[in-house]
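Reader: I should like to go through this model systematically, with the reasoning given for each answer. May we begin with the ligand surroundings and then turn to the domains, the core and the individual residues?

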Amino acid sequence: MITCEHMTKKYGRKTVVEDLSFDVKKGEVFALLGANGAGKTTTIKILLGLAAATSGRAEVDDGLSIGFSPESPYFPSFLTGREVLRYYGKLSGLSNKKLNAVIPQLLSEVGLEDDKVIVKYYSKGMLQRLSLAQSLLGEPQLLVLDEPTSGLDALGRLEVLTLISRMKAKDITVVFNSHILDDIERVCDRGIILKKGRLVSEWEKGITAPDKTLEQYFIESLQEEE
Ligand SMILES: Nc1ncnc2c1ncn2[C@@H]1O[C@H](COP(=O)(O)OP(=O)(O)OP(=O)(O)O)[C@@H](O)[C@H]1O
């Protein structure tokens, strides 16, 4: 579903992703792991076509519908959550009938039922939830989530993780970037660990270092590279 081969990204003279290769198969929940500045968001942007690789190949299979929730979602501040979804739904060409059916369902699915508040007054967690709902609007086959649990309280995090598990049960592929390793361990099947733009190790749930937590494995992987 996703193929990344020897992908390098430079900004000016700075290499932010270097010779990165990995693939993601249909139906997997796949994690991009790494410290701040490791190149996770850059990799996501290249996969989505929002930035160009300097060399190598990073491709998503043709014809897939893709949902994306960015790290710092931004929405028109004067609209309510319901209006934001309608606006994005219209931009995606969804019919009024479809939107009338799907918007209340999505708001409830992400735990955003208070429809009167405009985005200007949203908390970070509410914005995160709205961003997730927006990413699900077009019934994506591939869902790319950049830090979907950041800014959420414990219950919110659990709800998002449950939602990701529900997506997996529907055979939707999810690529997911988070610093919260417990979250990754709970819902992801496989992942890669990046350090300063380079792949330092790969992880597969229950297979890679089954005697260690992901956190232990992650820290050791980064230390081994020092
Ligand atoms: N448009 C840009 N121009 C120049 N440098 C950039 C640009 N975007 C990202 N970078 C640099 O690329 C490196 C990787 O950034 P990126 O946002 O991909 O990291 P990340 O792993 O997602 O980090 P975080 O976990 O903090 O979100 C950083 O050093 C960042 O400063």
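**Ligand shell and domains**

Reader: How many nonpolar, polar and charged residues does the shell around the ligand have?

Author: The model is a predicted one. The shell consists of Y11, V16, G34, N36, G37, A38, G39, K40, T41, T42 and E71. Glycine counts as polar in this division. By class, the shell around the ligand therefore has three nonpolar, six polar and two charged residues.

Reader: Which helix gives the most to the shell around the ligand?

Author: K40, T41 and T42 are among the residues around the ligand. The helix that spans residues 40-47 supplies three residues to the shell, the most of any contributor, and this helix is α1.

Reader: Which element supplies the largest share of the side of domain 1 that touches domain 2?

Author: The domain assignment divides the chain into domain 1 (1-64 + 142-226) and domain 2 (74-140). Between them, 13 residues of domain 1 are in contact with nine residues of domain 2. On the domain 1 side, β6 (142-146) and α5 (154-169) each supply at least two residues. The largest share, four residues, comes from α5.

Reader: How do the residues of that side of domain 1 divide by class, and how far apart are the C-alpha centres of the two domains?

Author: The C-alpha centres of domain 1 and domain 2 are 25 Å apart. In contact across the boundary are 13 residues of domain 1 and nine of domain 2. The residues on the domain 1 side divide into eight nonpolar, three polar and two charged.

**Core and helix α2**

Reader: Where does the largest nonpolar core lie with respect to domain 1 and domain 2?

Author: This core has 60 residues, and those with the most contacts inside it are A133, I164, V174 and F176. Both domain 1 (1-64 + 142-226) and domain 2 (74-140) give residues to the core, so its place is between them.

Reader: With which residues is V174 in contact, leaving aside its neighbours within four places in sequence?

Author: V174 is one of the residues with the most contacts inside the largest nonpolar core. I164 is another of that group. With sequence neighbours within four places set aside, the contacts of V174 are V29, F30, L143, L145, I164, M167 and K168.

Reader: Why do the buried residues of α2 lie on the same side, and what covers them?

Author: In helix α2 (residues 81-91), the buried residues are G81, V84, L85 and G89. They cover an arc of only 130 degrees around the axis, and therefore they share one side of α2. On the other side, K90 and L91 are exposed. The cover over the buried residues includes α3 (96-109) and α4 (124-136).

**Individual residues**

Reader: What is the phi of K196, and what is the phi of A209?

Author: Most residues other than glycine have a negative phi. K196, in the loop between β8 (190-195) and β9 (198-204), is partly exposed, with 16 other C-beta atoms within 10 Å. A209, in the loop between β9 and α7 (214-224), is also partly exposed, with 15 such atoms within 10 Å. Neither is a glycine, yet phi is positive in both: about 45 degrees for K196 and near 40 degrees for A209.

Reader: Is D171 buried or exposed?

Author: D171 is placed in the loop between α5 and β7 (173-177). A residue with 12 or fewer other C-beta atoms within 10 Å counts as exposed. D171 has 9 such neighbours, and therefore its class is exposed.

Reader: Is T173 buried or exposed?

Author: T173 is in strand β7. Beyond residues up to four places away in sequence, T173 touches M1, V24, K26, G27, E28, Q141 and L142. The limit for a buried residue is 20 or more other C-beta atoms within 10 Å. T173 has 24 of them, so its class is buried.

Reader: How far apart in space are R190 and T3, C-alpha to C-alpha?

Author: R190 is in strand β8 and is partly exposed, with 18 other C-beta atoms within 10 Å. Its contacts, apart from neighbours within four places in sequence, are E28, F30, W203, E204 and K205. R190 and T3 are 187 residues apart in sequence, and their C-alpha separation in space is 15 Å.

Conventions
Residues numbered from 1 in each chain as written. Predicted model: local features only at pLDDT ≥ 70, side-chain atom pairs only at ≥ 80, totals over all residues. Core = buried A, V, L, I, M, F, W, Y, C linked by C-beta atoms within 7 Å. Domains from an automatic or database assignment. Contact = placed C-beta atoms within 7 Å. Arc of directions from axis to C-beta. Near = placed C-beta within 6 Å.
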